[in-house]
Amino acid sequence: MKQTEYQLICGMEVHAELKTKSKMFCGCKNDPFHASKPNCYTCPTCLGLPGALPVANSTAIEWTIKLGLALNCRINLFSKFDRKHYFYPDLPKGYQISQYDLPFCYDGYLETSAGKVRIHRIHLEEDTGKLLHKTVHNQKVSLVDFNRSGVPLIEIVTEPDIKSAAQAKEYAKTLRGILRELHIADCDMEQGGMRLEANISLQAVGTKELPNYKIELKNINSFRFLEQAINYEIERQSQVLQNGEQLNQETRGWNAVQNKTFLQRTKEEAEDYRYFPDPDLPPIRLSTNQIEIIKQNLPELPLERAKRWMSNYHLQPEFATRLSEDTKHAQQLDSLFKLAVNKKFEPSKLANQIVNKKITVNYQNLEATLEEFESLNATATVDDNDLEKIIRQVLAEHQDAVNRYHAGQKQVLSFFMGQVMKNLKVKADPQQVRSTLHKYLDN
Ligand SMILES: [Zn+2]
């Protein structure tokens, strides 16, 4: 039977907790990972007690818009919070305050090396409490810690533009870099400060028909697992489709021990959350002026920095990208490259050797770093007479190559370069060797 080829269709949903001082709708401390005990940062609002009134955290709103602008989004000048209803023990109100049809940001994009990934929307909501499953007095119990209840949570939703597992990983990593650069989220993946979700289906190559199913990969807490899980799903779904079978809507998780995805639940119908505007929270109106001010205060993002280093310092794209991700040392690296230029060193070579760990940057002492670079790349000036002697010898031994050079095969020069360098006892300056070679060959 003829093998059908399939193309991945994938969109992502990423949740990240904002690191504001207080929670989204109350004054409780927002620090769930460092709390000394469960339920110490709670109040009637984040415990969902009747009559408690939420007040929106304006910093969280500003930061959401900041992210939206960094991701080239359009900003809704009028937006609102909605109630999303469902029942779960970690959600004391019986609904989550989220945003439904008027999110703060929409229609943006993030660039990856495999193309743009369009951002469908970014909205702001509140996180839920955390369930702890324990055994107390020989009884299995579920405990709830509400320290996380009401922590501001942003959700970034893409269009299904992701075409490979590698691109999904790059997208998620770049997004984390931006969130950190903006100083709005720590994105501690292990603690759940950033959570990844991928919606995956396969389309037969050559058809325009969109797949009629979607597999949701949920609660992925590492970039590596994300890539592995998507690749696993491509393989698994191809097999099922190849056998002429149907794939259904379902949610799957990743088992990192067995290296495979597993079924969590099937979805028969779309869930009905009965969204409606939260009557306790007034809608939010923003002016273009407010948005303009946020825009002007955006820092340089890793991708922009990589581009600037490529054009100003001629860094190769892969090294520029790798180094630009180091948000913490961005300024020092910038100074280092500037210093290198002043000393007539090649920043591109320096960047290459930093990424390849030939040089360790001393951030306290950039001069020392350049000294290390200098000694690593030190070349000796060879006595002209010695050099010419060796060149004459090499040319005499390879008369045929000399003829080819004169016949127009200029690339033979690199062969001569190699031969001369090999015969020299010291590490010579290639420029000196090249120009002396030219003197002999071109006259
Ligand atoms: Zn509270």
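In this predicted model, L132 is found in strand 8. With a relative accessible area of 29%, L132 is partly exposed, because that value falls between the 20% limit for buried residues and the 50% limit for exposed ones. Along the sequence, L132 is separated from H15 by 117 residues, while the C-alpha atoms of the two lie 21 Å apart in space.

The loop that leads into this strand holds T128, which is placed between strand 7 (115–126) and strand 8 (130–136). T128 has a relative accessibility of 10% and therefore counts as buried, the limit for that class being under 20%. A second long sequence separation concerns T128 and Y232: these residues are 104 positions apart along the chain, and 30 Å lie between their C-alpha atoms.

T128 also takes part in the lining of an enclosed space. How many cavities of 30 Å³ or more does a search of the whole structure find? The search returns one. The volume of the largest cavity is about 50 Å³. Its lining consists of T45, C46, D90, L91, P92, K93, E126, D127, T128, S149 and G150. By residue class, the lining of the largest cavity comprises three nonpolar, four polar and four charged residues.

One of these lining residues, C46, leads to the metal site. Which protein atoms are the donors of the zinc ion? They are the SG atoms of C26, C28, C43 and C46, at 2.3 to 2.4 Å from the metal. Along the chain, the donors follow the spacing C-x1-C-x14-C-x2-C. The angles among the four donor atoms run from 100 to 114 degrees, and the site of the zinc ion is tetrahedral. For four tetrahedral donors, the ideal angle at a metal is 109.5 degrees. Accessibility values place two of the donors in the buried class: C46 has a relative accessible area of 5% and is buried, and C43, at 18%, also counts as buried. Both assignments follow because buried means under 20% relative accessible area.

Another buried position is S79, which lies in strand 3 (residues 78–79). The relative accessible area of S79 is 0%, so this residue is buried. In sequence, 61 residues separate S79 from L18, and the C-alpha to C-alpha distance between them is 19 Å.

Backbone geometry draws attention to two further residues. Most residues other than glycine have a negative phi. D107, although not a glycine, has a positive phi of about 60 degrees. This residue lies in strand 6, and at 42% relative accessibility D107 counts as partly exposed. R274 is likewise a residue other than glycine with a positive phi, in this case near 45 degrees. R274 is situated in the loop between strand 14 (260–266) and strand 15 (276–277). Is R274 buried or exposed? At 53% relative accessibility, R274 counts as exposed, since the limit for that class is over 50%.

On the scale of the whole chain, the domain assignment gives domain 1 (6–290), domain 2 (300–376) and domain 3 (384–441). Taken over C-alpha atoms, the centres of domain 1 and domain 3 are separated by 62 Å.

Domain 1 and domain 2 both contribute to an open site. The second largest pocket holds about 450 Å³ of space. Its lining is made up of 17 residues, of which E170, T174, L303, T321 and E325 are the closest to the centre of the pocket. Which elements give two or more residues to this lining? They are strand 6 (105–112), helix 2 (165–181), helix 5 (302–313) and helix 6 (317–324). Strand 6, one of these elements, is also where D107 lies. Each of domain 1 (6–290) and domain 2 (300–376) supplies at least three residues to the lining of the second largest pocket. In terms of residue class, the lining of the second largest pocket divides into five nonpolar, six polar and six charged residues.

Key:
Residues numbered from 1 in each chain as written. Predicted model: local features only at pLDDT ≥ 70, side-chain atom pairs only at ≥ 80, totals over all residues. Heavy atoms only, no water. Donors = N, O, S within 2.8 Å, 3.2 Å for Na, K, Ca; no water. Tetrahedral: all angles 85-135°; square planar, octahedral: opposite > 155°, others 65-115°. Buried < 20%, exposed > 50% of the residue type's maximum accessible area, 1.4 Å probe, protein only. 1 Å grid on protein atoms, 1.4 Å probe; cavity = no way out; pocket = protein on both sides within 12 Å on 5 of 7 lines; lining within 4 Å. Points joined across faces, edges and corners; volume = space filled by probe spheres on them. Helix = DSSP H or I, 4+ residues; strand = E, 2+ residues; numbered from the N terminus. Nonpolar A, V, L, I, M, F, W, Y, C, P; charged D, E, K, R; others polar. Domains from an automatic or database assignment.
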